[in-house]
Amino acid sequence: MELRKILLPGLISVTLLSGCSWFSGEEDVVKMSPLPKVENQFTPEKVWSTSVGDGVGDFYSNLHPAWADSTVYAADRFGIVKAINAGDGKEQWKVDLSEKTGFFSKNHSALLSGGVTVDGGHVYVGSERAQVYALNSSDGSIAWQAKAAGEVLSRPVVSDGLVLIHTSNGMLQGLDQTNGAVKWTVNLDVPALSLRGESAPATAFGAAIVGGDNGRVSAVMMNQGQIIWQQRISQPTGATEIDRLSDVDTTPIVLNGVVYALAYNGNLSALDLRSGQILWKREIGSVHDMIVDAGRIYLVDQDDRVMALSTEGGVTVWRQSDLLHRNLTSPVLYNGYIVVGDSEGYLHWINTDDGRFVAQQKVDSSGFQTEPVVASDKLLIQAKGGEVYAFTR
């Protein structure tokens, strides 16, 4: 069976359905909302910025910074990985994972695409070439390199002595954290057409909880690589191929015995961790990771509405609709505010109480694709052009 991955969220808003449609034959135009006017209540301070290679350009990538022990780790698509001092932005070390082709020839891109993750003295990153790298966090040297079952589009997740990898062809793999050896592989099944992206697994009580391109959430026993349960939260429906997309590309969140999961063209669902039984669901779709905090769920839906809902039944608390189709990043919670970036390079700061804007700033002309990252007292974000920024509030 031929499998196809399409880059949908940004493509729809910019080009795919502008003037013509590949899937319906009808003309549909999706327009980006104009930049909302915001009277800043404060001005976030840029502490430092530094370049990490050439970034990702117009390619889909899930590369974003990681932070541990006062050091920021970041990578670009070509293969540059850097360690940066979190205090002043100065480079501590840099390695190049691109493939050397000859003395006079340019290296082949490593096509890094999933990461960065830092844990236990190692920095992990995956590639479209189905490679997983574990670098020593002290100097960037390669501790081990392993072959995955397919493209690594989501960030590696480390738990229980394993590095969990979810590949583009629907394989969830557990690699030995010490040497990269494949301990087990679970086939989560994929449809013929799916979105360009994969769910990173969440872990709890010895289980990996992960979304699949088939609209299901699966719980996998990590010590054996066996499926405990599967639950469908998105059912393919509609007249076009896009309408029938049902990927669960977001990372599930596990809290107090409840799994919160979110599908494209599907539902926001709360599942019982033990059985996978659906406790409640709301018809909200997204490809963005969400936040669960203090009895609320914060998310960006597939039309770029920013929303807050109650964890008890998914009741809407507030909805911010002034950023429609601006290709937002996933949200992050920083110093009591929701922060999202957009494809034009703006950061939007939103009050968690009522969804109103409290600050807005133009940061980078190349725009943002991956979510901001909280690093102690700083907010980090990596632009598509490769620049990494650190802010404080």
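**The second largest pocket, the largest cavity and the surroundings of H166**

The second largest pocket is lined by 27 residues, and those that lie nearest its centre are H64, R155, D289, E371 and P372. The structure described here is a predicted model, and the space that lies in this second largest pocket comes to about 630 Å³. By residue class, the lining of the second largest pocket divides into 18 nonpolar residues, four polar residues and five charged residues. Several strands take part in this lining, since at least two residues each are supplied by strand 4 (66–68), strand 8 (112–119), strand 12 (157–159), strand 25 (291–293), strand 29 (332–334) and strand 33 (373–375). Of the contributions to the lining of the second largest pocket, the largest share is that of strand 8, with four residues.

The setting for this pocket is a chain of 393 residues, of which buried residues make up 59%, and its secondary structure comes to one helix and 35 strands. Among the contacts in the chain with a separation of 6 or more, 47% are accounted for by residues 24 or more positions apart. The accessible surface of the chain was computed as about 16,200 Å², and 45% of that surface belongs to carbon and sulfur atoms.

Enclosed space was considered as well as open space. Rolling a probe the size of a water molecule over the atoms shows where empty space is left. The count of cavities of 30 Å³ or more comes to one, and about 50 Å³ of space lies in the largest cavity. The lining of the largest cavity is formed by V56, S61, L63, Q369, T370, Q382, A383 and K384, a set that divides into three nonpolar residues, four polar residues and one charged residue.

A further site is centred on H166, which has its place in strand 13 (residues 162–166). Because its relative accessible area is 1%, under the 20% cut-off, H166 counts as buried. The side chain of H166 makes a polar contact with the side chain of E198 at 3.5 Å, and the side chain of H166 also reaches the backbone oxygen of S199, at 2.7 Å. When residues up to four places away in sequence are not counted, H166 touches E151, L153, S154, M171, L172, L188, E198, S199, V210 and G211. Both polar partners of the H166 side chain, E198 and S199, are thus included among the residues that H166 touches.

Notes
Residues are numbered from 1 along each chain as its sequence is written. This is a predicted model: local features need pLDDT of at least 70, side-chain atom pairs count only at pLDDT 80 or more; totals for chains, interfaces and linings use all residues. Side-chain values use heavy atoms; hydrogens and water are left out. On a 1 Å grid over the protein atoms alone, a cavity is a set of points where a 1.4 Å probe fits but cannot get out, and a pocket is an open set with protein on both sides within 12 Å along at least five of seven lines; lining residues have an atom within 4 Å of a point. Grid points are joined across faces, edges and corners, and a volume is the space filled by probe spheres set on the points. Ala, Val, Leu, Ile, Met, Phe, Trp, Tyr, Cys and Pro count as nonpolar, Asp, Glu, Lys and Arg as charged, and the others, Gly among them, as polar. Buried means under 20% relative accessible area, exposed over 50%, partly exposed in between (1.4 Å probe, protein chains only). Contact means heavy atoms within 4.5 Å. Accessible areas come from the Shrake-Rupley method with a 1.4 Å probe; for residues, only the protein chains shown count as cover. A polar contact is a pair of N or O atoms within 3.5 Å; within protein, one must be able to donate a hydrogen and the other to accept it, and residues adjacent in sequence count only if both atoms are side-chain atoms.
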